[in-house]
Amino acid sequence: MERISSLYLHVPFCTWLCKYCDFNAYAVLEGLIPQYVEALAGEIEAQKARLPVGPLETVFIGGGTPSLLTREQLRLLLDRVRAIGLRQDAEVTLEANPSNVTAERVEGWLELGINRLSIGVQSLQPGALRFLERLHSGVEAIEAIRTARAAGFRNINGDLLYGVPGVDLSGWMETLETVIDEGIDHLSAYELTVEQGTRLGQEVRTGLVRMPDADSQLEQYWAAVDRLEAAGFVHYEISNWARPGRTCRHNLANWHYRPYLGCGAGAHSMFRLDEGTTERRWNVKGPHAYIKRIAQGQDAADDREQLSHDRALGEAAMIGVRLMGGTPTTGNFLDVRRQLVESGLLIEDNGRVRLTRRGVELANQVGAAFLV
Amino acid sequence: MFTPTRLIRAISVIAHVDHGKTTLSDRLLEYTGTVAQRDMVEQVLDQLDLERERGITIKAQAVRMLYKADDGNTYQINLIDTPGHVDFSYEVSRALAACDGAVLVVDASQGIEAQTIANVHQALDHKLKIVPVVNKIDLPQANPELVREEIEKVIGLPAESVIFASARQGIGTKEILEAVVREVPPPTGDREAPLRALIFDAKFDAYRGVVTYVRVLEGTLRKGVRILMMQTGKSFEVDEVGIFRPERTVIEDLSAGEVGYLIANIRNVRDSRVGDTVTDAARPAATPLPGYRHVTPMVFAGLFPTDTEQYQQLKEALEKLQLNDAALVYEPETSAALGFGFRCGFLGLLHMEIVQERLEREFNLTLLGTAPTVEYRVKLRNGEEVPVDNPDHLPDPAEIESISEPMVTATIVVPSAYVGNMMELSQERRGQFLNMEYEPGDRVLITYRMPLAEIIHDYYDQLKSRSKGYASLDYELVGFEEASLVKLDVLVGGSPVDALSMIVERSKAQQQGRRLTEKLKTLIPRQLFEVPIQAAIGGKIVARETVPAMRKDVTAKCYGGDVTRKRKLLEKQKEGKKRLKRVGNVEIPQEAFMAVLSLD
């Protein structure tokens, strides 16, 4: 099996579940955090013995709201990570809710070796934050960025949402402008997506909420593309921008189709087996079930799938083509590529394919074309 | 098993849909011990899966029951179940011709409905003795007394002859059987006369060939006899005669008045036509039985495999289906848009749906059907006359002298409240008013002369919806009539799609073209490009709509944990596209080819 050098840790706890979120996250289970952290530490240790993992180049602690964890809890997890082997120059990211980014906490995170902070800003417009049911204010979000920077973080990401009902182009640009002014290093800007099974999904279905039309969503997207380019950001994935040298190495590893290990409730892993088969597996979703499995010394995997070499190539292309710099053609998908180029969705040069502007707008059509 | 003629009865059960015909038939089989209760599958008589699901009978069935009556005699009662749809009205008439009586079932809460009256008319046309039954008397909303009065007032059957029953609970079963043996006359045919047996159905059995359902009206039919089909002139030697109890049971002979089947190494149902008369080749009857009609398809449509590789399978499936369905005809057809397929002829729309559904279900095919059309007769300037059952094959207008289309007499039975709606609809559909009669019980019988093409375009559904389901329809082909017709072509993405062409009345052509393009716009999904949809008459564009290009299809997030879900989602989208037919670079769904059916 190919050696694994990326690790994802999932912390599925939140103080509040925002109405648009369909991640594996739970409110009102905070009482479970101590046991969960024990289990998660246990899984890391167990996987180290089972899999060819480390030395690690990237670690990503996501959620949920991992910034809810105490310094001691994070220390336990990172001690286990170091036991696997962590490169000196490794990227170690923590996702944080603006409300949790206090001077004291930030200092602790730096001390533990966390060197990249991803802050859930979402928006600076009061109306949007209310609509999204975020508990922080715009001022708090700005404060969070400043606090982290002052303490010494040199790699800060802000997560933003556009296409939020009630926010027009100028409101969206105002948020973007402010965040740029704060000297942010990296931005992820996502279109607000209506997922089934969320409260937002329900509200849209019953007509309580009307989402902006495709034209205004794209208008906000392309305006961000232009503004961020002018501000010196590199647009490197459909929804991601970075100042030079600040791309997210962990996510790039995913997008370059490199194997990774995911630990925690509902976490996904991807391995490359010796015969060229790609395997994906995912852990049980519920924190209770997860804790029980680990306590009983069992593997937390709930299910797995294996992809043949050909299917994996298609999947790799589906993901890789979302990178703005494109992906190598590797001599495959001759007909598909030709059709996509003819349709004006793809550009092919120097052995690479990348999306055209229209291709970005229809990236799923392009991705689907590569699936066999 | 010899039964004297005076103890033979042949009956059918007739009813408005859902009034309990099948349940009652099941109870009769059970009560007479023909089928043991433990072997009773719900609805024994409806054999095809499709029939059971749709609650309609497609093929006739005929079961012999033995019933020991209160008078001490054991009667032979033959129960013939009839198909229940206007597409099969000829089959119904032949099945009724094989009976001497009918059990009329009326729902105790619904009362008499349009179809009840149509059924009674048919039964009376065949001089059947009617045994009226009010069914479902156990339901809370039942009002049997009222329905009994209605039967006397509307149909003219004495109230005291009406039997109260609940087929579900087995109430009244014995009374019905007693009334049948008492009221329905025995057959009158002479057992020694030259053989005359009426074919009322035929089925193909993979091992034995065609099983022909007959009622012997005169003479005797037995194994070894050389028979002659009086209409087709074909001759066969009888291998086996038998009856249904309800499974096939071999017997010595079928004599005058009896109902059963014959097997005679007949390889195709075409040689055993419904309505034909079976006689003894060595001692033929002087005249065939009356009422034979050569059944011809009325409605034509193309059937194409969605996956071109399934052409051969479709061909074999049609061959097999045709062995059992004399009304189905087909010939190879090539469409520039849809590739290789078959032009098929059907009795009507239901027949068409059933055939397509059976092909897909029983032979595992994925088919694309084009909109049904009728057969036109085109007179050319050079004096030749050609039949055209595919709009795309209409000759160049410059060569056409005239076009005639098939006409029908349509009979609608409807409560008087809906007469206005019915007339409005029929006039919209180029109907010529013929007659209107008020019947007892607030029923009106309206007759129109109208083009068959109008009937197959959603007329029946409209009739039902504009009468809250009360109207019933029957129609009969009455000949051809010249009309001012033109071909309307459809271009999708700039190229003509032959399978979307239709023949329409000249004065309505532009309007139809507009409606069709509007409808297609809603049915053709957005593609990567803008897709123009145009309607043209003789090269001149008369209507245009545009399907805008797909605007946006992009997922915001794609991280490690999202990949499997995203891939599965895209794979599912891709799978859905397989049901679309690619014409040029445009993907068109099946519904688009049926769009012309519902342009109102």
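Q: How many residues does chain A give to the contact with chain B?
A: The model is a predicted one. In its contact between the two chains, chain B supplies 20 residues. On that side of chain B, eight residues are nonpolar, five polar and seven charged. The number taken from chain A is 33.

Q: Which strand gives the most residues to the largest nonpolar core?
A: This core holds 167 residues, and B:V103, B:L104 and B:V180 touch the most other members. Beyond its neighbours within four places in sequence, B:V180 is in contact with residues including B:I11, B:I77, B:V103 and B:V131. The strand that gives the most, with seven residues, spans 400–415 of chain B and is β23.

Q: How many residues are in the second, separate core?
A: Among the members of this core are A:V11, A:I61, A:L78 and A:A148. The count is 80 residues.

Q: Which strands are the edges of the open sheet in chain A?
A: The nine strands run in the order β7-β8-β6-β5-β4-β3-β2-β1-β9, with mixed pairing. An edge strand here pairs on one side only. For β7(A), the partner is β8(A), joined in the antiparallel sense over three bridges, with A:V234 opposite A:A242. The edge strands are β7 (234–237) and β9 (261–263).

Q: What angle does helix α8 of chain A make with β6(A)?
A: Helix α8 (residues 214–230) packs on the sheet and touches β5, β6, β7 and β8 of chain A. Helix α1 (residues 33–50) lies across β1, β2 and β9 of chain A, at about 150° to β9(A). For α8 and β6(A), the angle between directions is about 170°.

Key
Residues numbered from 1 in each chain as written. Chains lettered and ligands numbered in written order. Predicted model: local features only at pLDDT ≥ 70, side-chain atom pairs only at ≥ 80, totals over all residues. Pairing = 2+ DSSP bridges. Helix = DSSP H or I, 4+ residues; strand = E, 2+ residues; numbered from the N terminus. Contact = placed C-beta atoms within 7 Å. Axes fitted to C-alpha atoms, helices over the stretch in contact; angles between N-to-C directions. Nonpolar A, V, L, I, M, F, W, Y, C, P; charged D, E, K, R; others polar. Core = buried A, V, L, I, M, F, W, Y, C linked by C-beta atoms within 7 Å. Buried ≥ 20, exposed ≤ 12 C-beta atoms within 10 Å, placed from the backbone.
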